[in-house]
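This report covers a ligand site and two points of backbone geometry. Please look at the sequence and structure first.

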Amino acid sequence: MGDDAGRRARSLIERKQAFAARQAARGKGAFDGLAPMGSGPPNRHGMPRLPVGQREVKSWPVLDLGDTPDIPTERWQLEIDGLCEAPRTYSWEEFMALPQTLDVSDFHCVTTWSRLDNHWIGVRFAALAERARPLADARFVLIEASDIAPGTQTPYTTNLPLEEAMLPDVLLVHTWEGKPLPREHGGPVRMITPQLYSWKGAKWIRRITFSAADQPGFWEVRGYSNTAYPWFDDRYGRR
Ligand SMILES: Nc1nc2c(c(=O)[nH]1)N[C@H]1C(S)=C(S)[C@@H](COP(=O)(O)O)O[C@H]1N2
Ligand SMILES: [Mo]
């Protein structure tokens with residue numbers, strides 16, 4: 001990771017600490033402390049390797065709403081829209097022609113398991129944003145997936161600040177441990193957000209929308225935290 005990325009990551013930690021301090025000052029108690037919580041040596045963001053309340057698993061559990069779309073790469077599409085200068089749709093071939101990033105990162109599920117040292121290949125969210133050129137007032141992204149939540153007619157969605165999505169380890173991955181990303185884990189392509197709980201990483205990703213206003217996604221409207229910082233035990237909505 002380059003110096004730029006390191007600087008960006010540090011500024012994010014500072015922002016999170018400022019947020020924690022603000023909440024504490026208001027008596028909200030959103031976080032138990034100001035320092036990132038967890039155990040183990042620091043990771044690349046300076047956070048303890050295992051976030052507070054997490055345990056390491058060696059398997060990779062499957063966690064979703066039960067609808068597992070089957071999307072052959074010939075039919076796969078990724079739409080980029082909303083507040084950007086160059087909205088577009090990528091086919092599989094166009095997506096695979098983008099710069100590819102190999103990375104190793106951790107996966108933290110809010111249900112308390114973490115899978116460390118996953119080997120990924122994919123395209124940085126930042127590489128897509130660079131090409132889409134978000135407008136100055138685009139501050140958030142809404143991510144839409146291809147699975148439909150049971151009892152609804154709506155797809156799985158999740159939201160995050162553009163600033164979080166731009167971190168260099170946020171990828172749209174198609175390869176895991178040297179093999180195509182398994183369908184049950186979101187293949188052919190899913191997003192990963194190693195610095196946030198993994199519901200922020202949509203399996204079967206199909207659309208990225210840049211927006212000025214934050215729009216809560218599937219779990220966010222159901223009581224899960226909008227911010228989802230693993231090292232602040234930030235699992236559910238602010239108390
Ligand atoms: N499209 C979609 N993405 C999703 C989910 C989902 O139900 N649908 N579940 C989320 C949750 S809660 C987690 S923990 C991870 C789980 O990914 P995995 O099944 O590959 O472990 O995917 C996230 N992304
Ligand atoms: Mo999860």
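## Polar contacts to the ligand

An oxygen atom of ligand 1 lies 2.7 Å from an N or O atom in the side chain of Arg-190. The model is predicted, and this distance, like the others here, is computed from it. Lys-203 also takes part: one of its polar side-chain atoms is 2.5 Å from a ligand 1 oxygen. Trp-60 adds a side-chain N or O atom at 3.0 Å from an oxygen atom of ligand 1.

How much of the accessible area of ligand 1 does the protein cover? On its own, ligand 1 has 530 Å² of accessible area, and the protein covers 98% of it.

## The shell around the ligand

There are 20 residues around ligand 1. Those that come nearest are Pro-61, Asp-147, His-185, Arg-190 and Lys-203. Arg-190 and Lys-203 are thus named twice: in this nearest group, and as polar contacts of ligand 1 through their side chains.

Sorted by class, the shell holds 13 nonpolar residues, three polar ones and four charged ones.

## The pocket

Where does ligand 1 sit? Its place is the largest pocket. This pocket has a volume of about 360 Å³.

The lining of the largest pocket consists of 23 residues. Leu-63, Asp-64, Tyr-156, Trp-199 and Trp-219 are the ones nearest the pocket centre. By class, the lining has 15 nonpolar, four polar and four charged residues.

## Backbone geometry

Two loops carry backbone features to check. In one, Gly-187 and Pro-188 are joined by a cis peptide bond, with omega about 10°. Pro-188 belongs to the loop that runs between β11 (179-180) and β12 (190-192). The residue range of β12 includes position 190, and Arg-190 is the residue whose side chain has the 2.7 Å contact with ligand 1.

The other feature is at Arg-133. Its phi is positive, about 55°, although Arg-133 is not a glycine. Arg-133 is found in the loop between α3 (125-132) and β8 (140-148). The range of β8 includes position 147, and Asp-147 is among the residues that come nearest ligand 1.

Note on methods
Residues are numbered from 1 along each chain as its sequence is written. Chains are lettered from A and ligands numbered from 1 in the order in which they are written. This is a predicted model: local features need pLDDT of at least 70, side-chain atom pairs count only at pLDDT 80 or more; totals for chains, interfaces and linings use all residues. Side-chain values use heavy atoms; hydrogens and water are left out. A residue is near a molecule or strand if one of its heavy atoms lies within 4 Å of it. A polar contact is a pair of N or O atoms within 3.5 Å; within protein, one must be able to donate a hydrogen and the other to accept it, and residues adjacent in sequence count only if both atoms are side-chain atoms. Accessible areas come from the Shrake-Rupley method with a 1.4 Å probe; for residues, only the protein chains shown count as cover. On a 1 Å grid over the protein atoms alone, a cavity is a set of points where a 1.4 Å probe fits but cannot get out, and a pocket is an open set with protein on both sides within 12 Å along at least five of seven lines; lining residues have an atom within 4 Å of a point. A molecule sits in a cavity or pocket if more than half of its atoms lie within 2 Å of its grid points. Ala, Val, Leu, Ile, Met, Phe, Trp, Tyr, Cys and Pro count as nonpolar, Asp, Glu, Lys and Arg as charged, and the others, Gly among them, as polar. Grid points are joined across faces, edges and corners, and a volume is the space filled by probe spheres set on the points. Helices (H or I, at least four residues) and strands (E, at least two) are DSSP runs, numbered from the N terminus.
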